[in-house]
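Please open the structure in your viewer and keep the selection tool handy. We will take a short walk through it, one stop at a time.

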Amino acid sequence: MPYQKGPGKTVVIALGGNALGNTPVEQLGLVQNTARHIVDMIEEGTNVVVSHGNGPQVGMINNAFAYASAHDGKTPDMPFPEAGAMSQGYIGYQLSQAILNDLRARDIKRSTACIVTQTVVDADDPAFEDPTKPVGAFMDEETAKAKAAEMGITVKEDAGRGWRQVVASPIPRRIVEFDAVRDLVEDGYVVVSTGGGGVPVFETKGGYVGTPAVIDKDRSSALMASELNADMLVILTAVEKVCVNFNTPEQEEISEMTAAQAREYIEQGQFAPGSMLPKVEACIDYVEKYPEGKALITSLECAAAGLRGETGTVIVA
């Protein structure tokens, strides 16, 4: 019997990698709680695509291979794109399993699908000119430079603590597996995709080629949502609503703002880089590419209520 697409909204939900814990065991417990909130939405008829961050997880994989390679003489260094794909696989497995278990417990006739996703980036993206994001293990200068020559990676000294590989954070341009995600959503599946922003790839005459980089998962989620013509992009964070004048006596919660108002707040420096700023920027990207949609920033616990318009911060075109 085929699965049935839900009668409600189609939404892309972006989960933070830091919210998934620091070990696979810790993560498994956390995703079970996450799954319950996602299935609450599905039970109300919502069609869900789940994306997720992978910062702690891809770093753990990269560090483990680097340590093993340096100490046992048998384990090869793992290229960063492959480490990103590994993180997508095991995070996606745990999320898919937890959601599926909760669906079955509630006798909801839906299933899950996890897709390891590639994301096309431009080789001439300015981010590649000065990679700044450290990943993987610390090394001494001699080892770092030898690996750079051997593997074609970029290494830099990291705040007096040693040398590390550094990668760029380019803008996502296209999700290679988008058609598969769209078809699965239309067929009624709950899809986990675009983990960690997707494995960054260049599109060349000879095909797709992975590149060491980290794509912002909120921007990739915004791209997925706009291409999918999703009714909503939902970015989950630690707070119920976005605030201006945060952590001051003048702090104020924002229930709704236009893209233009959001840009004004950005110019005022209201949103912290590496925290709320990229989330707001991703929401602007989405609503400007798909003006019929709405973006929502809220906490996991408030997500279902946010979809009903009861809480959270909504950003519209």
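Welcome! Bear in mind on this tour that the model is predicted.

**Stop 1: a residue in H3.** Select Gln94, which you will find in helix H3, spanning residues 80-105. Is Gln94 buried or exposed? Its relative accessibility is 7%, and because buried means under 20%, Gln94 counts as buried. Now show its surroundings: leaving aside residues up to four places away in sequence, Gln94 touches Pro24, Gln27, Leu28 and Val31.

**Stop 2: the nonpolar cores.** Next, select Ile13, Ile42, Val48, Val50, Ile99 and Val234 together. These belong to the largest nonpolar core, which has 39 residues, and they are the ones that touch the most other members. Helix H3 from the previous stop comes back here, giving the most to this core with 8 residues.

Zoom in on Ile42. Not counting residues up to four places away in sequence, Ile42 is in contact with Val48, Ile99, Leu103, Ile108, Arg110 and Val190. Then look for Val49, Ala225, Val244 and Ile297, which are among the 36 residues of a second, separate core.

**Stop 3: helix H2.** Select residues 55-72 to bring up H2. How far apart are the end C-alpha atoms of H2? They are 26 Å apart, which agrees with the 26 Å that its 18 residues should span at 1.5 Å a residue. Colour the buried residues of H2: Gln57, Val58, Gly59, Ile61, Asn62, Ala66, Ala68 and Ser69. Just after the helix, click on Gly73, whose phi is positive, near 70°.

**Stop 4: a sheet of four strands.** Finally, turn to an open sheet with 4 strands in the order E8-E4-E10-E11 and mixed pairing. Strands E8 (174-175) and E11 are at the edges; each has a single partner strand, so one side of each lacks a neighbour in the sheet.

Move inward to E4, residues 118-120, which pairs with E10 in the parallel sense over 3 bridges. To see one such pairing, select Val120 and its bridge partner in E10, Val201.

Which way do E10 and E11 run relative to each other, parallel or antiparallel? E10 (residues 199-204) and E11 (residues 207-210) run antiparallel, joined by 4 bridges. Together E10 and E11 make a hairpin, with 2 residues between them. For a last click, pick Glu203 and look across to Tyr208 in E11, which stands opposite.

Note on methods: Residues are numbered from 1 along each chain as its sequence is written. This is a predicted model: local features need pLDDT of at least 70, side-chain atom pairs count only at pLDDT 80 or more; totals for chains, interfaces and linings use all residues. Side-chain values use heavy atoms; hydrogens and water are left out. Buried means under 20% relative accessible area, exposed over 50%, partly exposed in between (1.4 Å probe, protein chains only). Contact means heavy atoms within 4.5 Å. A nonpolar core is a set of buried Ala, Val, Leu, Ile, Met, Phe, Trp, Tyr and Cys residues joined through side-chain atoms within 4.5 Å. Two strands pair if DSSP finds at least two bridges between them. The expected span of a helix is 1.5 Å times one less than its number of residues.
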